[in-house]
Amino acid sequence: MNNILSWAEEDRPREKLILKGRAALSDAELIAILIGSGTRELSAVDLSKLILHSVGNNLNELARLSINDLMKFKGIGDAKAISIAAALELGRRRKESEVLKKAKVTSSSDAYHAIRPYLMDLSHEQFWVLLLNRANEVIRPFQVSIGGVAGTVADPKIIFKSAIEYLASAIILVHNHPSGNLTPSQADKDLTKRVKEAGRLLDIPILDHLIFGDNGYFSFADEGVL
């Protein structure tokens with residue numbers, strides 16, 4: 001029997017994981033384990049490298065690909081595409097479960113990092129609120145609505161229903177711009193004004209409104225437009 005270490009690198013990502021531990025594997029080798037096999041022309045590792053190259057070797061960009069996007073690669077059928085998507089979703093959920101341990105929000109950056117696991121890698125708009133207690137600790141994030149590529153609509157009645165239900169003392173509004181353009185639209189400004197006025201009447205202040213991007217954010221409070 002040949003020594004495992006004499007095998008070609010692309011033929012043994014599973015064995016490498018056993019011998020050296022998971023941290024020793026490249027991203028391509030980890031994906032190769034997920035897909036199991038390549039094509040006649042490409043090993044599983046080479047096919048994985050091709051997929052990663054298409055997204056600039058960026059796992060966050062890979063997570064944005066749909067099942068159909070992944071299936072455009074020769075050798076990736078629905079089962080392999082689903083395996084990749086499921087693994088990336090588990091990674092996202094792991095981050096999500098680590099974030100909210102009564103996170104205290106004292107700045108826009110705190111709010112951004114508290115909501116980031118819920119909004120990163122999305123290709124469509126979603127509107128969320130962070131519900132805070134009197135100590136400005138996150139009670140929970142709450143999804144208000146899901147929209148399309150162009151936008152989403154947030155109903156103030158749903159926002160404040162969630163705040164009252166969870167006894168929130170304050171709210172931070174958050175929605176994402178999948179395009180990466182963090183400039184608020186007039187609709188964003190109008191909605192912020194309406195919700196802020198409603199919050200004043202209900203004695204539930206709106207502390208900020210974040211426009212979320214995977215690589216940054218716009219804060220209405222920081223920019224003095226709240």
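Two strands are taken to pair if DSSP finds at least two bridges between them. In this predicted model, Q126 has I146 of strand β2 as its bridge partner. That contact belongs to the pairing of strand β1 (residues 126–132) with β2, which is antiparallel and extends over seven bridges.

**Overall architecture**

The chain contains nine helices and five strands. Read from the N terminus, its elements follow the order α-α-α-α-α-α-α-β-β-α-β-α-β-β. Of the 226 residues in the chain, 39% are buried. Among contacts between residues at least 6 apart in sequence, 55% join residues at least 24 apart.

**The sheet and the helices packed on it**

The five strands form an open sheet with mixed pairing, in the order β2-β1-β3-β4-β5. Strands β2 (138–146) and β5 are the edge strands, each pairing on one side only. Direction ignored, neighbouring strands of this sheet are turned by 25° against each other on average. In general, strands of a sheet pair through backbone hydrogen bonds, either parallel or antiparallel.

Helix α8 (residues 156–165) packs on the sheet and touches β1, β2, β3 (170–176) and β4. The direction of α8 makes about 30° with that of β1. Helix α9 (residues 186–202) also packs on the sheet, where it touches β1, β3 and β4. The direction of α9 makes about 155° with that of β4.

At the β5 edge, strand β4 (residues 206–213) is joined to strand β5 (residues 216–219) by four bridges, and the two strands run antiparallel. Together β4 and β5 form a hairpin with two residues between them. One of the bridges pairs G213 with G216 of β5.

**Helices α7 and α9**

The table sets out the span of each of these two helices.

| Helix | Number of residues | Distance between end C-alpha atoms | Expected span at 1.5 Å a residue |
|---|---|---|---|
| α7 (residues 108–119) | 12 residues | 15 Å | 16 Å |
| α9 | 17 residues | 25 Å | 24 Å |

For α9, the distance between the end C-alpha atoms agrees with the expected span. For α7, the reach from the first C-alpha to the last is close to the expected value.

Helix α9 has buried residues at D188, L191, T192, V195 and G199. Seen down the axis of α9, the buried residues fall within an arc of 100°, and they therefore line one face of the helix. These buried residues pack against β1, α8, β3 and β4. On the other side of α9, Q186, K193, R200 and L201 are exposed. The helix is followed by D203, which has a positive phi, near 60°.

In α7, the buried residues are S108, A111, Y112, A114, I115, P117, Y118 and L119. D121, which follows α7, also has a positive phi, in this case near 75°.

**F218 and the aromatic pairs**

F218 lies in strand β5. With a relative accessibility of 18%, F218 counts as buried, because the cut-off for that class is under 20%. Leaving aside residues up to four places away in sequence, F218 touches L182, P184, H209, L210, I211, E223 and V225. Between F218 and N176 there are 9.9 Å in space, C-alpha to C-alpha, although the two residues are 42 residues apart in sequence.

Four aromatic pairs are found in a search of the whole structure. The ring centres of F218 and F220 are 5.5 Å apart and the ring planes stand at 90°, so this pair is edge-to-face. F220 is buried as well, with a relative accessible area of 1%. Ring pairs also link Y112, F212 and Y217 into a cluster. Within that cluster, Y112 is among the buried residues of α7.

Definitions and conventions: Residues are numbered from 1 along each chain as its sequence is written. This is a predicted model: local features need pLDDT of at least 70, side-chain atom pairs count only at pLDDT 80 or more; totals for chains, interfaces and linings use all residues. Side-chain values use heavy atoms; hydrogens and water are left out. Axes are lines fitted to C-alpha atoms, for helices over the stretch in contact, and angles run from 0 to 180 degrees between N-to-C directions. Contact means heavy atoms within 4.5 Å. The expected span of a helix is 1.5 Å times one less than its number of residues. Buried means under 20% relative accessible area, exposed over 50%, partly exposed in between (1.4 Å probe, protein chains only). The arc is that of the directions from the helix axis to the C-beta atoms. Rings of Phe, Tyr and Trp (its six-membered ring) pair if their centres lie within 6.5 Å; planes under 30 degrees apart count as stacked, over 60 as edge-to-face and the rest as tilted.
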